[in-house]
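Thanks for coming. I will go through one structure today, starting from a single residue and working outwards. Please have the structure open while I talk.

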Amino acid sequence: MDIKQIIGQLIDIRCNSEEMAQGEDKQQPEETVWDLDLKAIDAAIPLLEKQISKKVESKTEDIDNQYGKCPRCGNHVDDENDRNYCQECGQRLDWSEEIKNENNKN
Ligand SMILES: [Zn+2]
């Protein structure tokens, strides 16, 4: 099961828990077990999404390094300090895409 499938399953579980939460007797003021399930799923999905690598935006490079913007938080990243993950938000980064040289258009 890959991360996208796991997220899909969590969204299914979320729908079920939401129905159950709505079915609960709302005269109980305290959080129900279903509300807690929803909170946990809402917290887990963004964490999992960060594990799916995203392409670094606005990439540039010099002799030593590649630079760009984190696709999630917009933080400035470079391939030395943020090789695998954005240090700001934890987004997994993909540096593989070739830099398109604007001067080399056909
Ligand atoms: Zn980031």
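Start with Glu88, which sits in the loop between S4 and S5. Before going on, note that this is a predicted model.

Is Glu88 buried, exposed or partly exposed? It has 14 C-beta neighbours inside 10 Å, so it counts as partly exposed. Buried would need 20 or more, and exposed would need 12 or fewer.

Which residues does Glu88 touch, once those up to four places away in sequence are set aside? They are Cys70, Cys73 and Asn75. There is also a distance to look at here: 12 residues separate Glu88 from His76 along the chain, and their C-alpha atoms are separated by 9.1 Å.

Stay in that loop for a second residue. Asp82 is also placed between S4 and strand S5, which covers 93–94. Here the neighbour count is 21 C-beta atoms inside 10 Å, and Asp82 therefore counts as buried. Leaving aside neighbours within four places in sequence, the contacts of Asp82 are Val77, Gln87 and Leu93. From Asp82 to Tyr67 the C-alpha distance is 9.5 Å, with the two positions 15 residues apart in sequence.

So much for the loop; now the whole chain. How many helices and strands does the chain have? The answer is 2 helices and 5 strands. Reading from the N terminus, the order is α-α-β-β-β-β-β. Of the 106 residues in the chain, 8% are buried, and Asp82 is one that counts as buried. As for contacts with a separation of 6 or more, 35% of them link residues 24 or more positions apart.

Next, the sheet. It is an open sheet of 3 strands, in the order S2-S3-S4, and the pairing is antiparallel. Why do S2 and S4 each have one side without a neighbour in the sheet? Strand S2 (57–61) and strand S4 (76–78) stand at the edges and each has a single partner strand, so one side of each is left free of a neighbour in the sheet. From one strand to the next, the twist averages 25°.

Take the two pairings in turn. S2 and strand S3, which is residues 66–69, run antiparallel and are joined by 3 bridges. Among the bridge partners, Glu61 goes with Gln66 in S3, and Thr60 goes with Tyr67 in S3. That is the Tyr67 whose distance to Asp82 I gave earlier. The connection from S2 to S3 is a hairpin through 4 residues.

On the other side, S3 pairs with S4, again antiparallel, over 3 bridges. Lys69 has His76 in S4 as its bridge partner. This His76 is the residue whose distance to Glu88 came up at the start. S3 and S4 also form a hairpin, this one with 6 residues between them. In that turn, Gly74 has a positive phi of about 80°.

One more residue in the sheet deserves a look. Ser58 lies in strand S2. Its phi is near 50°, which is a positive value in a residue other than glycine. Ser58 has 10 C-beta neighbours inside 10 Å, so it counts as exposed.

Last, the helices. Helix H1 is residues 3–23, which makes 21 residues. From its first C-alpha to its last it reaches 30 Å, close to the 30 Å expected at 1.5 Å a residue. How many of the 21 residues in H1 are buried? The count is 1, and H1 is hardly covered.

Two packed helices are described by the angle between their axes and the distance between the axes. For H1 and helix H2, residues 33–49, the angle is about 160° and the axes are 9 Å apart. That makes H1 roughly antiparallel to H2, since angles over 145 degrees are counted that way. The crossing of H1 past H2 is left-handed.

Which residues meet between the two helices? On the H1 side they include Ile3, Ile6, Ile7, Leu10 and Ile13. On the H2 side they include Trp34, Leu38, Ile41, Ile45 and Leu48. An α-helix has 3.6 residues a turn, so residues three or four places apart point the same way. Keep that in mind when you look down the helix pair on your screen.

Notes
Residues numbered from 1 in each chain as written. Predicted model: local features only at pLDDT ≥ 70, side-chain atom pairs only at ≥ 80, totals over all residues. Contact = placed C-beta atoms within 7 Å. Pairing = 2+ DSSP bridges. Axes fitted to C-alpha atoms, helices over the stretch in contact; angles between N-to-C directions. Expected span 1.5 Å × (residues − 1). Parallel < 35°, antiparallel > 145°, perpendicular 65-115°, else oblique. Left-handed = near helix turned anticlockwise from the far one by under 90°.
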